[in-house]
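The following exercises ask the reader to characterise a single protein chain from its coordinates. Each task is followed by a solution in steps.

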Amino acid sequence: MTIKSVAFIGLGAMGWHMASHLTKVYTDVRVWNRTASKAKEHARVFATQATSLKEAGQADIIFSCLPTSKQVEEIIQEAQPKTGSIWVDCTSGEPQSAQRLQQQLKEQGVTYLDAPVSGQTIGAEKGTLTVMVGGDPNMLEQANPAIQTFAGLIQHVGESGSGFAVKAVNNILMAANLWALAEGMCNLKSQGVELDAALKCINASSGQSNMSHHIFAQRVLSREFPLTFALNLLAKDATIATQLAGTTQTIMPVLQLTQQLYRSASNNLPSESDFSSVVQQLEQWNNLTLQSA
Ligand code: NDP
């Protein structure tokens, strides 16, 4: 199939940037967003076309990047994708929903690929996201040039739902990492150790991580906590990972506890909190603040 038209549904923190890269390869790039003014602004800034949801559904490849699988299921009903099209769902969704959607859309001659992304908003902006894909590998090959516009790595990981499973596990690992680092830093602060110096050592030692390099100083020690990835979305990912383990009774005590800690922090903190704000929960319990000198 020659891909002539592509569409992007959901111009949020991630989708806004991801959709912008499609114009590198395609002239017919349709965008739709629940808040229509964002789609109009996207069209103005990136020379995409703000269309109706039905027109977006008539594209050869349709991307979605929405908060959860629930919204994707609703939007697919409304968009009515055309026969022969490929729906590439970049939401961090639920494996069981991917399997349902893959079956349901197959009956309409539409291919569904679960293709969640990692790399945060900066990766979306630079077009260097990691894309983990579940579903028909032959159809992925067809969608590849479009996905490539915003990807650094595209990896097929298995059948429908596998992409979502890998993403959920990746994110609960990130959550555990951040929480463990915050506990360690609370411990050091209580000992009277200077935190910037401690982080410098950790970042040149075996305790280093993506969180220690790119998140802790920039968001926590700076006290900025900029909202780029909502805490409630990370709590959702952690829940998907633990529910998945529940289906096979996989034993993972540390990750189970991580899910509970993030769910509770997400309930306790304001709804518009960045994921890094989870550290504030631990600060409250320890009655201290993790701040640069
Ligand atoms: P945002 O909250 O920034 O954007 C959500 C998007 O979904 C908006 O376009 C919003 O529209 C739309 N939306 C919300 N509810 C509905 C609905 N009921 N019907 C139609 N559209 C709806 O989320 P992100 O871009 O941060 O995240 C999107 C997905 O990507 C999530 O699954 C997240 O877990 C994942 N992700 C996020 C990363 C990040 O760093 N932010 C990194 C990797 C993955 P409106 O503008 O009208 O609100």
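Two residues are said to be in contact when they have heavy atoms within 4.5 Å of each other. The model examined here is a predicted one.

**Exercise 1. Surroundings of Ala-198**

Task: Determine which element holds Ala-198, whether this residue is buried or exposed, and which residues beyond its sequence neighbours it is in contact with.

Solution.
Step 1. Ala-198 belongs to helix α9, which covers residues 195-202.
Step 2. Its relative accessibility is 9%. Buried means under 20%, so Ala-198 counts as buried.
Step 3. With neighbours within four places in sequence set aside, the contacts of Ala-198 are Leu-188 and Val-193.
Step 4. A distance may be added: Met-185 is 13 residues from Ala-198 along the chain, and the two C-alpha atoms are separated by 8.3 Å.

**Exercise 2. Overall dimensions and packing**

Task: Compare the radius of gyration of the protein chain with the value for a compact globule of 293 residues, then describe the extent, burial and contacts of the chain.

Solution.
Step 1. For 293 residues, a compact globule would have a radius of gyration near 19 Å. The protein chain has 20 Å, which agrees with that expectation.
Step 2. Along the principal axes, the C-alpha atoms fill a box of roughly 65 × 45 × 35 Å.
Step 3. Of the 293 residues, 52% are buried.
Step 4. Among contacts with a separation of 6 or more, 67% join residues 24 or more positions apart.
Step 5. The exposed surface of the protein chain comes to about 13400 Å², of which carbon and sulfur atoms supply 51%.
Step 6. For the charges, the mean position of the 20 positive ones and that of the 23 negative ones are 4 Å apart.

**Exercise 3. Secondary structure in the annotated regions**

Task: State how many helices and strands the protein chain has, and give the helix and strand content of the two regions listed by UniProt.

Solution.
Step 1. The protein chain has 14 helices and 9 strands.
Step 2. In an unreviewed entry, UniProt lists residues 6-158 as "domain: 6-phosphogluconate dehydrogenase NADP-binding". This stretch is 42% helix and 25% strand, with its end C-alpha atoms 24 Å apart.
Step 3. UniProt, again in an unreviewed entry, lists residues 161-280 as "domain: 3-hydroxyisobutyrate dehydrogenase-like NAD-binding". Here the chain is 71% helix and 0% strand, and the end C-alpha atoms are 33 Å apart.

**Exercise 4. Positive phi values and helix α6**

Task: Locate Ala-47 and Gln-120, give the phi value of each, and then examine Thr-121 in helix α6.

Solution.
Step 1. Ala-47 is placed in the loop that runs from α2 (36-46) to β3 (49-50). Its phi is near 60°, a positive value in a residue other than glycine.
Step 2. The relative accessible area of Ala-47 is 60%. Exposed means over 50%, and therefore Ala-47 is exposed.
Step 3. Gln-120 also has a phi near 60°, and this residue is found in helix α6, residues 120-126.
Step 4. Thr-121, in helix α6, has a relative accessibility of 17% and so counts as buried.
Step 5. Residues up to four places away not being counted, Thr-121 touches Ala-13, Met-14, His-17 and Thr-228.

**Exercise 5. Partly exposed residues**

Task: For Pro-226, Leu-173 and Gln-148, find the relative accessible area and one C-alpha distance for each.

Solution.
Step 1. Partly exposed residues fall between the limits of 20% and 50%.
Step 2. Pro-226 sits in the loop between α11 (216-221) and α12 (231-248). With a relative accessible area of 30%, Pro-226 is partly exposed. Beyond its neighbours within four places, Pro-226 is in contact with Arg-219 and Asp-274. Phe-275 is 49 residues away in sequence, yet 9.2 Å away in space, C-alpha to C-alpha.
Step 3. Leu-173 is part of helix α8, residues 162-190. Its value of 45% makes Leu-173 partly exposed. Between the C-alpha atoms of Leu-173 and Thr-258, which are 85 residues apart along the chain, the separation is 8.9 Å.
Step 4. Gln-148 is found in helix α7, residues 137-148, and counts as partly exposed at 41%. Asp-136 is 12 residues from Gln-148 in sequence and 17 Å from it in space, C-alpha to C-alpha.

Notes. Residues numbered from 1 in each chain as written. Predicted model: local features only at pLDDT ≥ 70, side-chain atom pairs only at ≥ 80, totals over all residues. Heavy atoms only, no water. Helix = DSSP H or I, 4+ residues; strand = E, 2+ residues; numbered from the N terminus. Rg over C-alpha atoms; globule rule 2.2 N^0.38 Å. Buried < 20%, exposed > 50% of the residue type's maximum accessible area, 1.4 Å probe, protein only. Areas by Shrake-Rupley, 256 points an atom, 1.4 Å probe, with all protein chains shown as cover. Lys, Arg positive; Asp, Glu negative; His and termini not counted. Charge placed at Lys NZ, Arg CZ, Asp CG, Glu CD. UniProt positions renumbered as here; feature names shortened; annotations may be inferred.
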